[in-house]
Amino acid sequence: MDLKILPLENLKPRIEDETKLDFGKQFTDRMFVMNYRTGQGWHDARIQPYQSFSLDPAAMVLHYAQEIFEGLKAFRRPDGQIALFRPLDNFRRFNHGARRMCMPEIDEAFMLQSLKELIRLDADWVPRAEGTSLYIRPAMIASEPMLGVRPADEYLCYIIACPVGAYYKGGLAPVKIWISDHYVRAAHGGTGEVKTGGNYAASLFAAREAASKGYDQVLWLDAKDKKYVEEVGSMNICFLYDGKLVTSPLKGTILDGITRRSVLTLAREMGLTVEERAMTIEEIFAGAESGRMTEAFGTGTAVVISPVGQFTYQDRTVKLGDGQTTGEVTQKLYDTLSGIQYGRLPDTHGWVELL
Ligand SMILES: *Cc1c(COP(=O)(O)O)cnc(C)c1O
């Protein structure tokens, strides 16, 4: 398939202060878009000015949420070059989601090539200030106007991007986690392992409740026994327990995070034993009180690593250390992973894709 580059008439105002970027509000000049129709396949791939879509009010995505998305980043390196982090992993996961949601698959290599072209054209938008990056959002939506419940026959696939600020200004800051004993995120057989909009819509209520009580994130337990740890907000979670790195297994209810995957590799290389098994709430409380559990952190593209300072479940709260200090292993994993992303450390795994 050809990729057309459409002319750009107006440039948006440039960013004035890279240290004051709000997440996900300001987008680059261009976007990638392509269309799909059953019988015709993907067509009209183009890089065009960033602009609104015209969607029929009956577009199926608006009613039945047939939608998937991805999240990855481009990093500005000290020599000015731009690097993507494991982008093909994102497009593979996108296709995995497409199959589950009865949507058409995309050509992973073509998407990567189109993404690189988009970032090359909008390279000026990749910020330079310490800790900043360009957040990239591929998405696919069912655009066919039809009110029946069935897989659509028309889709839009697109990529937009926004410069984002340093998540941590002044070092990693441990967060307070609220463990929900009532709301669940995903059940076995559901769509928990897919980045599909409905999962996130369904999580808002619990997240708002946690925020109103003063917590930063919700920790989701399994839907069946409400006892086993799944993930935190939109992050995977890892614990340092008896000196081993413990994280929930991939059994269909949690996202197969690329940051999680990378952290597990780095942890093994640091000599840590990795256990993929679900921790229980009891283990969290007993482990933190006895000192067997020394650190915990969330992993995800937006934050890389988010240390956990305390857990609250019903009327019990437990702190890790003083609740405000980032653990040694957490800090080391953060420094290593972000070092590879920004090119301060060598990429020995082939994770970095230069433009
Ligand atoms: C995106 C996401 C993650 C993290 O995945 P990464 O590939 O590391 O960014 C974890 N959990 C949920 C629910 C997510 O949506």
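This tour goes from the ligand and its surroundings to the cavities of the structure, which is a predicted model.

Begin by selecting the ligand together with the residues around it, which number 14, and among these Lys195, Tyr200, Glu231, Thr259 and Thr301 come nearest. If you colour this shell by residue class, you will find four nonpolar, six polar and four charged residues.

Next, show side chains and look at the oxygen atoms of the ligand. A polar side-chain atom of Tyr200 lies 2.4 Å from a ligand oxygen, a polar side-chain atom of Thr259 lies 2.6 Å from a ligand oxygen, and for Arg93 the corresponding distance from a polar side-chain atom to a ligand oxygen is 2.8 Å. On its own the ligand has 380 Å² of accessible area, and the protein covers 96% of that area. With a surface switched on, the space taken by the ligand can be inspected as the largest pocket.

Now turn to the enclosed space: how many cavities of 30 Å³ or more does a search of the whole structure find? There are two of them, and the largest cavity has a volume of about 110 Å³.

To see what lines this largest cavity, select Gly71, Leu72, Lys73, Phe75, Phe85, Asn90, Ile258, Thr259, Gly300, Thr301, Val304 and Gln341. Strand 5 (72-76) and helix 5 (258-269) are the elements that give two or more residues to this lining, and strand 5 provides the largest share, with three residues. Coloured by class, the lining of the largest cavity divides into five nonpolar residues, six polar residues and one charged residue.

Finally, keep Thr259 and Thr301 selected, since both belong to the lining of the largest cavity and both are among the residues that come nearest to the ligand.

Key: Residues are numbered from 1 along each chain as its sequence is written. This is a predicted model: local features need pLDDT of at least 70, side-chain atom pairs count only at pLDDT 80 or more; totals for chains, interfaces and linings use all residues. Side-chain values use heavy atoms; hydrogens and water are left out. A residue is near a molecule or strand if one of its heavy atoms lies within 4 Å of it. A polar contact is a pair of N or O atoms within 3.5 Å; within protein, one must be able to donate a hydrogen and the other to accept it, and residues adjacent in sequence count only if both atoms are side-chain atoms. Accessible areas come from the Shrake-Rupley method with a 1.4 Å probe; for residues, only the protein chains shown count as cover. On a 1 Å grid over the protein atoms alone, a cavity is a set of points where a 1.4 Å probe fits but cannot get out, and a pocket is an open set with protein on both sides within 12 Å along at least five of seven lines; lining residues have an atom within 4 Å of a point. A molecule sits in a cavity or pocket if more than half of its atoms lie within 2 Å of its grid points. Ala, Val, Leu, Ile, Met, Phe, Trp, Tyr, Cys and Pro count as nonpolar, Asp, Glu, Lys and Arg as charged, and the others, Gly among them, as polar. Grid points are joined across faces, edges and corners, and a volume is the space filled by probe spheres set on the points. Helices (H or I, at least four residues) and strands (E, at least two) are DSSP runs, numbered from the N terminus.
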